[in-house]
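Thanks for coming. I will take a few minutes to walk through one model, from the overall layout down to a handful of residues.

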Amino acid sequence: MARSPSGSEAIFIDLGAERRLVEASIGQLDIQAAGSRQEVQYLSGGNQQKVVMARSLAARPVVFLLEEPTRGIDVGAKAEIYALIRRLADDGAAVVVISNDLTEMVGLSDEIVALFEGKVAAILSGGTPEEKVLAHIA
C-alpha cells in the first residue's frame, strides 16, 4: 500500500493532496524550482537537500538523524538548512547531526559529543570554542 502525504496507509494516492504538499514544501523551505513538477535531479545541490528534508518532514517524525546535511552546497543554502534544523529543534524534535565540519557543529549544536577513535572523548555545550573541542579529539 502507498503512504498518503499525512503518513497513513492508503490504497490510492490523493494527487491533489500530494500537489498541495509539494507546493507547501516549496514555499516553506524556499525550494528554488521552475515549478512543482520539476524533477529533483535538475535542482541545485542545496535545493535537492531541501527536497530530502521536505520528504522527511511530510512523515512528521519526532527524531531526525542528519549526516553531513550541508556537504557540497553553497553558503546561502547552508544558512537556510541551519535555520530549518534550528526550527525543528525549537519545535521539540530531537535532531542529531553527524558532521566533520567543526564550525557547523559548534554553531548549530545545543550539545556536542566529540568522538576520538570510536569512543566518546567529551560531551560539550554548544558554542564551545573550536579549539576546546579539538583539544579532546586531537
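I will start with the chain as a whole, then go to the pockets, then to a hairpin and some single residues.

Keep in mind throughout that this is a predicted model. The chain has 138 residues, and 28% of them are buried. It holds five helices and six strands. Reading from the N terminus, the order is β-β-α-α-β-α-β-α-β-β-α. The C-alpha atoms fit a box of roughly 55 × 30 × 25 Å along the principal axes. As for contacts, take those with a sequence separation of 6 or more: 37% of them join residues 24 or more positions apart.

Now the pockets. The largest pocket has a volume of about 700 Å³. Its lining comes to 26 residues, and the ones nearest the centre are V97, I98, M105, S109 and V113. Which elements supply at least two residues each to that lining? They are α3, residues 75–90; β4, 94–98; α4, 102–108; β5, 111–116; and α5, 130–137. By residue class, the lining of this pocket has 17 nonpolar residues, three polar and six charged.

The second largest pocket holds about 350 Å³. There are 18 residues around it, with V22, S36, V40, V51 and R55 closest to the centre. Two or more lining residues come from each of α1, residues 15–28, and α2, residues 45–58. The biggest contribution is from α1, which gives five residues. The classes here are 10 nonpolar, four polar and four charged.

Next, the hairpin. β5 pairs with β6, residues 119–125, in the antiparallel sense, and the pairing runs over six bridges. In that pairing, E111 sits opposite S125 of β6. Two residues separate the strands of the hairpin, and E117 is in the turn.

What is the sign of phi at E117? Positive, about 50°, and E117 is not a glycine. As background, most residues other than glycine have a negative phi. E117 is in the loop between β5 and β6. Its relative accessibility is 69%; the cut-off for exposed is over 50%, so E117 counts as exposed.

R60 also has a positive phi, near 55°, and R60 is not a glycine either. R60 is in the loop between α2 and β3, the latter being residues 63–67. Is R60 buried or exposed? With a relative accessible area of 60%, R60 is exposed.

Staying with loops, T128 is between β6 and α5. This residue is buried, because its relative accessible area is 12% and the limit for buried is under 20%. The side chain of T128 reaches the backbone oxygen of S125 at 2.5 Å. S125 is the residue I mentioned a moment ago, opposite E111. Setting aside neighbours within four places in sequence, T128 is in contact with V106 and V133.

N47 is in helix α2. N47 has 8% relative accessibility and therefore counts as buried, the limit being under 20%. What does the side chain of N47 make a polar contact with? The side chain of S44, at 2.8 Å. Leaving out residues up to four places away in sequence, N47 touches D30, I31 and Q32.

The last residue is A94, in strand β4. A94 is partly exposed, with a relative accessible area of 35%. Beyond its neighbours within four places in sequence, A94 is in contact with V62, V63 and F64. A94 and P61 are 33 residues apart in sequence, and their C-alpha atoms are 9.2 Å apart in space. β4, the strand that holds A94, is also one of the elements that supply at least two residues to the lining of the largest pocket.

To recap: the predicted model has five helices and six strands. There is a largest pocket of about 700 Å³ and a second of about 350 Å³. On single residues, E117 and R60 have positive phi values, while T128 and N47 are buried. That is what I had to show.

Terms used:
Residues numbered from 1 in each chain as written. Predicted model: local features only at pLDDT ≥ 70, side-chain atom pairs only at ≥ 80, totals over all residues. Heavy atoms only, no water. 1 Å grid on protein atoms, 1.4 Å probe; cavity = no way out; pocket = protein on both sides within 12 Å on 5 of 7 lines; lining within 4 Å. Points joined across faces, edges and corners; volume = space filled by probe spheres on them. Helix = DSSP H or I, 4+ residues; strand = E, 2+ residues; numbered from the N terminus. Nonpolar A, V, L, I, M, F, W, Y, C, P; charged D, E, K, R; others polar. Buried < 20%, exposed > 50% of the residue type's maximum accessible area, 1.4 Å probe, protein only. Polar contact = N/O pair within 3.5 Å; in protein donor to acceptor, adjacent residues only side chain to side chain. Contact = heavy atoms within 4.5 Å. Pairing = 2+ DSSP bridges.
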